[in-house]
Amino acid sequence: MSNAFRQVHLDFHTSEAIPEVGQKFDGKAFASAFKRAHVNSVTLFARCHHGWNYYDGKVGQRHPSLNFDLLRAQYDALKAEGIRVPIYITSAWDELSCREHPEWRVITPEGKFLFAGGNLGTQEKVRWGLLDFSTPFMDFLEAQIEEVATLFSDCDGIFLDIAHQYPSCSPAALQQMKEMDLDWTKEEDRLTHAAHTKAEYMRRTTAAAKVLRADMPVVHNHGNLTLGDRSILDFNEHLEIESLPTGGWGYEHFPIGAKYAETIGADYLGMTGKFHTTWGEFGAFKHPTALQYECGFMLAHGARCSIGDHLHPSGEITQTTYDIIGEAYKQVEDKEPWCLNTKNVAEIAVLSVRAINSPNIPTWEPASVNNIADEGASRLLLEEHQLFDFIDVDAEFANYRLIIVPDEAHIGAELQQKLQAFVDQGGRLLLTGQSGVDAETQKPLFDFGADIAGPAKFENAYADYAKNIAADFVHDPVLLGQTGYSLKVTEGESLGQMFDPYFDRCHKHFNGHMNTPYHTEPSEFAAGVVHNGVAYLPYPMFSIYFEAGAVVHRRVLGNLVNLLLDNQRKVTTSLPVGGRVTVRAQDAENRDIVHLLYATPQLRGTFNGQPVEIIQDLPELRQIDVALKTDKPVSAVKLVPDNKDVAFEQAAGEVKFTVDKIQGHQMVAVSY
């Protein structure tokens with residue numbers, strides 16, 4: 001892993017309509033701003049989404065308003081200060097190429113140009129044209145990558161953005177499909193061709209970047225990660241997990257990608273932004289405390305940090321941005337010794353629905369890791385302060401005590417056998433909704449001591465959960481709000497009773513303003529079951545929790561997870577629900593690093609119709625208790641990087657200590 005923990009991705013997408021590009025660039029001031037902000041790597045632009053070059057070369061065209069080699073000037077200024085410089089080249093978005101070479105564009109089966117991207121309400125109609133890698137555009141792109149890799153042979157990597165290949169019916173694509181004996185009128189054949197073209201893109205562009213140096217780092221930005229597709233490791237030096245909390249991702253999205261990337265052995269960094277919302281927002285600034293928390297959150301998940309900025313067309317740095325970044329990166333710099341070469345400690349694994357159902361969906365899908373079942377599981381486990389990973393079907397299951405397969409997974413025979421072997425060896429399994437049920441026969445795929453009596457009769461239903469998992473403040477049936485299966489317990493332990501509504505709400509018969517009330521007597525069906533280490537809830541509870549956000553659902557799921565762990569957890573803490581905890585082993589130093597975080601995201605304004613989560617305050621928490629299970633004798637507990645001793649007690653395989661104060665992010669080193 002590189003030591004560049006403090007990176008800036010410096011966007012420079014600049015229209016030809018902008019005059020005097022780069023005319024206020026001052027190399028010393030430019031480099032000094034990054035140096036003062038504790039930045040040790042800056043990604044600079046060779047060619048942007050508008051299609052213009054910012055360097056002097058033979059491939060492509062320099063921006064018409066730029067009268068000198070801006071990239072070289074930026075590059076030399078940063079290198080003189082010892083700052084690393086990867087170089088950015090756009091791939092599938094290039095407006096100049098789209099205008100000058102319409103034959104290079106992605107064409108829909110209906111013969112229309114395809115567009116993507118776009119932000120901010122009324123500007124949604126302004127979208128980027130898409131280029132097709134099966135056309136001669138690839139020759140142009142390959143030549144430019146080779147040129148940049150030659151002119152800047154000592155750069156610190158080539159960053160290739162928008163590595164998307166959409167299904168296309170361009171003349172070149174049609175010819176290739178004909179040669180591959182594919183039928184362009186069939187969606188599955190268009191997808192097959194797109195996957196083939198994407199693979200060729202990855203191979204050719206990676207080889208072009210390494211034209212002079214076999215060790216040239218290469219990164220292809222797909223927008224995020226496609227869980228279940230490990231082939232990305234063949235072409236990426238590291239993974240950049242793009243997750244701007246205020247740009248629609250939210251503060252619970254990043255852990256999915258980070259916790260998955262680590263399990264597949266990837267080197268990875270987190271990518272947030274300095275913007276109030278998302279990329280390219282001039283004159284908008286995230287509050288300093290938000291960036292401090294986001295950087296701490298990335299460190300807590302084993303990631304290096306990257307903050308996105310967009311350079312003003314004049315070439316002049318916006319000082320406010322680097323005042324804000326500097327506050328965050330000073331803290332990161334101080335914390336780095338306790339973040340190097342660590343690994344996540346996890347006793348729970350979420351077997352990602354996306355990794356199971358769609359491992360080979362090409363990465364043109366902008367959602368990438370967005371899936372409400374996965375995100376519901378992430379939210380639940382974060383709020384319950386559990387230690388967990390996200391995994392795919394090729395992961396080593398034996399590393400975990402409990403595996404969760406949420407809501408919608410289509411479990412095939414091979415995965416069924418692997419999960420059954422995990423249970424047979426003493427592991428615990430939690431299944432919900434469709435997961436664990438054969439989609440065709442509606443029979444259980446595992447022996448959880450119950451039968452499936454078909455789909456639930458009503459759209460909405462109510463569950464009265466057993467006392468060992470019920471929310472402590474609820475003593476009546478709870479609305480689920482979605483449909484599921486009818487579950488009949490045979491040999492297992494029932495986890496509660498179902499109550500049916502009198503009828504489904506419709507124009508013919510409805511009651512009041514919302515859902516129909518329930519019958520006062522329970523139905524014959526169960527709210528869940530547990531048997532021989534396998535628990536099953538017949539409704540998609542993680543999706544229900546993600547969409548409804550009801551505390552009662554969190555309590556039920558959290559209690560069930562604890563039940564399956566025999567109420568014996570690796571770590572417990574008195575953090576409030578909004579707190580976050582991770583434990584990372586730093587084996588070379590013979591210590592564990594406990595990361596404790598707390599912030600209060602607020603909903604302020606909207607972005608693309610969704611509320612924007614902002615962080616402004618970092619409330620101070622006092623006297624937070626932590627208990628960490630360990631059989632190794634503890635020699636010291638210290639707050640780091642402050643190097644302040646913390647009193648502790650160790651007994652019965654557990655070390656207990658109290659952290660006097662937490663504000664944003666606090667690390668605690670437990671040394672052995």
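Which residue just after α7 takes a positive phi? In this predicted model, the residue in question is Gly265, whose phi is about 80 degrees.

## Helix α7 and the residue that follows

Helix α7 spans residues 254-263, and nine of its 10 residues are buried, so the helix is largely enclosed by the rest of the structure. The buried set begins with Phe254, Pro255, Ile256 and Gly257, and it continues with Ala258, Lys259, Tyr260, Ala261 and Glu262. Two residues with charged side chains, Lys259 and Glu262, are therefore among the buried residues of this helix, where Lys counts as positive and Glu as negative. Just after the helix comes Gly265, with its positive phi of about 80 degrees.

## A buried glutamate in helix α4

Glu147 belongs to helix α4, which covers residues 137-151. This residue is buried yet has no salt bridge, and the nearest side chain of opposite charge, that of Lys58, is 6.9 Å away. A salt bridge requires a side-chain nitrogen of Lys or Arg within 4 Å of a carboxyl oxygen of Asp or Glu, so the 6.9 Å that separates Glu147 from Lys58 does not meet the cut-off.

When neighbours within four places in sequence are left aside, Glu147 is in contact with Tyr55, Gly57, Lys58 and Val59. Lys58 thus appears both in this list of contacts and as the nearest side chain of opposite charge, although no salt bridge is formed by Glu147.

## The open sheet of β19, β20 and β23

Three strands form an open sheet, in the order β20-β19-β23, and their pairing is antiparallel. Strands β20 (478-479) and β23 (496-499) stand at the edges, each with a single partner strand, so one side of each is left without a neighbour in the sheet. Between β19 (residues 462-465) and β23 the antiparallel pairing runs over four bridges, and within it Tyr462 has Phe499 of β23 as its bridge partner.

## Strand β32 and its partners

Strand β32, made up of residues 636-640, is mostly covered, with four of its five residues buried. Five bridges join it in the antiparallel sense to strand β35, which covers residues 654-671, and here Val640 stands opposite Met667.

Strand β32 is also joined by two antiparallel bridges to strand β33, residues 644-645, where Leu639 stands opposite Lys644. The hairpin of β32 and β33 has three residues between the strands, and Asn643 in this hairpin takes a positive phi near 60 degrees.

## Cavities and the second largest pocket

The model holds six cavities of 30 Å³ or more, and the largest of them has a volume of about 100 Å³. Its lining consists of Ser243, Pro245, Gly250, Tyr251, Phe254, Gly270, Met271, Thr272, Glu294, Phe297 and Met298. The elements that give two or more residues to this lining are β11 (268-273) and α8 (288-300). Phe254, a lining residue of the largest cavity, is also one of the buried residues of α7.

The second largest pocket holds about 430 Å³ of space. Its lining comprises 19 residues, of which Asp642, Lys661, Gln663, His665 and Gln666 lie nearest the centre of the pocket. At least two lining residues come from each of α8, α9 (319-335), β32 and β35, and β35 gives the most, with eight residues. Strand β35 is thus both a contributor to this pocket and an antiparallel partner of β32.

Definitions and conventions
Residues numbered from 1 in each chain as written. Predicted model: local features only at pLDDT ≥ 70, side-chain atom pairs only at ≥ 80, totals over all residues. Heavy atoms only, no water. Buried < 20%, exposed > 50% of the residue type's maximum accessible area, 1.4 Å probe, protein only. Contact = heavy atoms within 4.5 Å. Pairing = 2+ DSSP bridges. 1 Å grid on protein atoms, 1.4 Å probe; cavity = no way out; pocket = protein on both sides within 12 Å on 5 of 7 lines; lining within 4 Å. Points joined across faces, edges and corners; volume = space filled by probe spheres on them.
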